[in-house]
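Good morning, and thank you for making time for this. Please have the sequence and the structure open beside you while I talk, and stop me wherever a residue is hard to find.

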Amino acid sequence: MADLLQLLVAGLATGGIYALVAIGFTLLWQTSQTINFAQGEFVMLPAFFVLIGMGYFGLSFWPAVALGGALSVVLLGLVFKKLMVEPMIRHGVLPLVIATIGLAILMKEAVRQFYGADAWPFPVLAATTDVTVFGAVFAVQSLVILAICVAVVVALQLFLGGTRTGRCMQATAQNPTVARLLGIRVERMILYTFLINGALVTVASILITPIYLAKFTNGEWLGLYAFIAAIIGGFNQVRGAIAGGLLLGVVDNFAAVYLSSQYRTAIPLLILIVVVLFRPQGLLGRIEERTV
Amino acid sequence: MAAPDILRFEDVVAGYGKQTILHGLSFNVLRGAITTIIGPNGAGKSTAFKASFGMLPVRAGRIFFDDREITNRAPRELIAEGICYVPQGRNIFSELSVLHNLELGGAAAPEGFHLKPRLQAVMERFPVLRRKAKHQASTLSGGEQKMLEIARGLMLEPRLMLIDEPSIGLSPILVEELFDLLRELRERGITVLMIEQNAKRALENSDHGIVLELGRARIQDHAATILADPRVGQLFLGGTSSISGRA
């Protein structure tokens, strides 16, 4: 029983990270029909910015995080939107998708060229000790990660639902044409989602890299997991991305222990196939009606 | 002394891609009246609305609102000028609450505009929206959703309302209610410019009519005169009462 609880918390912690990445994914889709296949590389990169800040500029951890975070939000939010999304989306969703696949390869190879193919250790946010609560042993790290993920998601929901700017963003996502007719600054709202995505992937990067080390290939499976989480949860719903991410994290952790660590990576794909077959709109998604 | 016409099209040319829909459209909309634009499909009725509201580029010609040129200006600026546009179909934000939908009607509010009292005033007029203020907008009935759209358009106290096919999908009783509401808006000094498929019914509730054909205004007259015009009757009103009889 204690083992189960422990596994569950560990699963929710990694699942929370997947959820953050998946939320960014769905936000971009909702407001601008951007499907970002470089999302995994977006998570891989900020950790390297932090490492560069610490290694090349001699900063300590938190200043490096602040600097790397700011750089990530600008590059992965603003610059990504201006230089890739805006020119490509005019030609349709598919050309943009292909462009983001190209971007993923570029980012991956650039990091390898610049930083090498090794896996670099990354500072942990909390001590790697355990605490015992009601007889169950929890890794402090898992609890900290889970707490940060919950805080980020709650803050995001409060912003989207509780502020006028947030509701203007929701309106833009639900119906951009009508949003424009009401005088909502649609372009600005879309930019905000790109900046939020930049911030989400940065947080995810800082949380996940201590566990899996900083490696140029990290984006490959991270992007895949976020994509799967978004799809199984419901591609057009933030809460779907949360549910999908958490589910994936928990299942992944349990599969590693109770099934086999070899088949572990197949489980998310199996879930994906089952969901797509039997509930294509995702667990919490709604069927989209798009007028052309 | 303000000019008698609040909206004026002068030789407006507009269209989609290579296709031109409006071939030099000119008409005036008189202040403080209800005017209905009728015409067959493809005549350019909705295109004229989109062109006047900055949703479609005007290639030639000019559009004036209150004698100020508004050609190709953005919706946000036009709202500030005092125009609102209620498009065809369902245009609510279904996953936001009724209250938040209304509030978004004030998204283009100028600095210092007090939304709260305005929200109260609008909900005063639409008690059903007040009652369901906290409900998700998707739970409203079709008629209530249309009322919500109109109420949302009234948030910034427009002087001109462009309303496209408001009666589509509404029951006969609701259509009656809708026309009552438009007349009430007129009494409050809001000019209404409407497009209606149900041409006879709409003209009966209007002061003026404009008949569009192939992107040009063929006839501009009193609604009653247009209703009595045999040419119009044959072309667009079905000649008999068959159209008006359709729900």
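Let me begin with a definition, since I will shortly sort some residues by class: Ala, Val, Leu, Ile, Met, Phe, Trp, Tyr, Cys and Pro count as nonpolar, Asp, Glu, Lys and Arg count as charged, and the others, Gly among them, count as polar. I should also say at once that what you are looking at is a predicted model.

I will start with empty space. Rolling a probe the size of a water molecule over the atoms shows where empty space is left. When the whole structure is searched in this way, three cavities of 30 Å³ or more are found, and the largest cavity has a volume of about 160 Å³. Which residues lie nearest the centre of that largest cavity? They are A:L182, B:C84, B:Y85, B:R152 and B:G153, out of 17 residues that line it. Sorted with the classes I have just given, the lining of the largest cavity consists of 12 nonpolar, two polar and three charged residues. Three elements each supply at least two residues of this lining, namely α7 (176-181) of chain A, together with β6 (83-86) and α6 (142-153) of chain B. The largest share, four residues, comes from β6(B).

One of those elements, α6(B), deserves a closer look. Its 12 residues should span 16 Å at 1.5 Å a residue, and the end C-alpha atoms are 17 Å apart, which agrees. Of these 12 residues, 11 are buried, so α6(B) is largely enclosed by the rest of the structure. The buried residues of α6(B) include B:E144, B:K146 and B:E149, and B:R152 and B:G153, which I named a moment ago at the cavity, are also among them.

From there I turn to α7(B), residues 172-187, whose 16 residues reach 23 Å from the first C-alpha to the last, close to the 22 Å expected at 1.5 Å a residue. Which residues of α7(B) are buried? They are B:V175, B:L178, B:F179, B:L181, B:L182, B:L185 and B:R186. Because these residues cover an arc of only 155° around the axis, they sit on the same side of α7(B). On the other side of α7(B), B:I173 and B:E187 are exposed. The buried residues pack against several elements of chain B, including β3 (34-38), α4 (115-125), α6 and β7 (160-164), and the partners also include β8 (191-195) and α8 (199-204). Just after α7(B), B:G189 takes a positive phi of about 90°.

Staying with α4 of chain B, B:R118 is found in that helix. Is B:R118 buried or exposed? Its relative accessibility is 13%, and because buried means under 20%, B:R118 counts as buried. Apart from neighbours within four places in sequence, B:R118 is in contact with B:F113, B:L154, B:M155, B:E157 and B:R188.

Next come two residues in chain B that are partly exposed. B:K50, in helix α1 (residues 45-52), has a relative accessible area of 30% and is partly exposed. Not counting residues up to four places away in sequence, B:K50 touches B:Y16, B:M55, B:L56 and B:Y85, and B:Y85 is one of the residues nearest the centre of the largest cavity. B:K50 and B:A14 are 36 residues apart in sequence, with a C-alpha to C-alpha distance of 9.5 Å. B:D66 lies in the loop between β4 (58-65) and β5 (68-69) of chain B, and with a relative accessible area of 21% B:D66 is partly exposed. Leaving aside neighbours within four places in sequence, B:D66 is in contact with B:I6, B:R31 and B:R159; B:R31 is 35 residues away along the chain, and the two C-alpha atoms are separated by 9.2 Å.

I will finish with two loop residues and their backbone angles. A:L213, in the loop between α8 (186-212) and α9 (218-233) of chain A, has a positive phi of about 65° although it is not a glycine, and with a relative accessible area of 33% A:L213 is partly exposed. In chain B, B:L214 lies in the loop between β9 (208-213) and β10 (216-222) and has a positive phi of about 50°, again without being a glycine. At 58% relative accessibility, B:L214 counts as exposed.

Definitions and conventions. Residues are numbered from 1 along each chain as its sequence is written. Chains are lettered from A and ligands numbered from 1 in the order in which they are written. This is a predicted model: local features need pLDDT of at least 70, side-chain atom pairs count only at pLDDT 80 or more; totals for chains, interfaces and linings use all residues. Side-chain values use heavy atoms; hydrogens and water are left out. On a 1 Å grid over the protein atoms alone, a cavity is a set of points where a 1.4 Å probe fits but cannot get out, and a pocket is an open set with protein on both sides within 12 Å along at least five of seven lines; lining residues have an atom within 4 Å of a point. Grid points are joined across faces, edges and corners, and a volume is the space filled by probe spheres set on the points. The expected span of a helix is 1.5 Å times one less than its number of residues. Buried means under 20% relative accessible area, exposed over 50%, partly exposed in between (1.4 Å probe, protein chains only). The arc is that of the directions from the helix axis to the C-beta atoms. Contact means heavy atoms within 4.5 Å.
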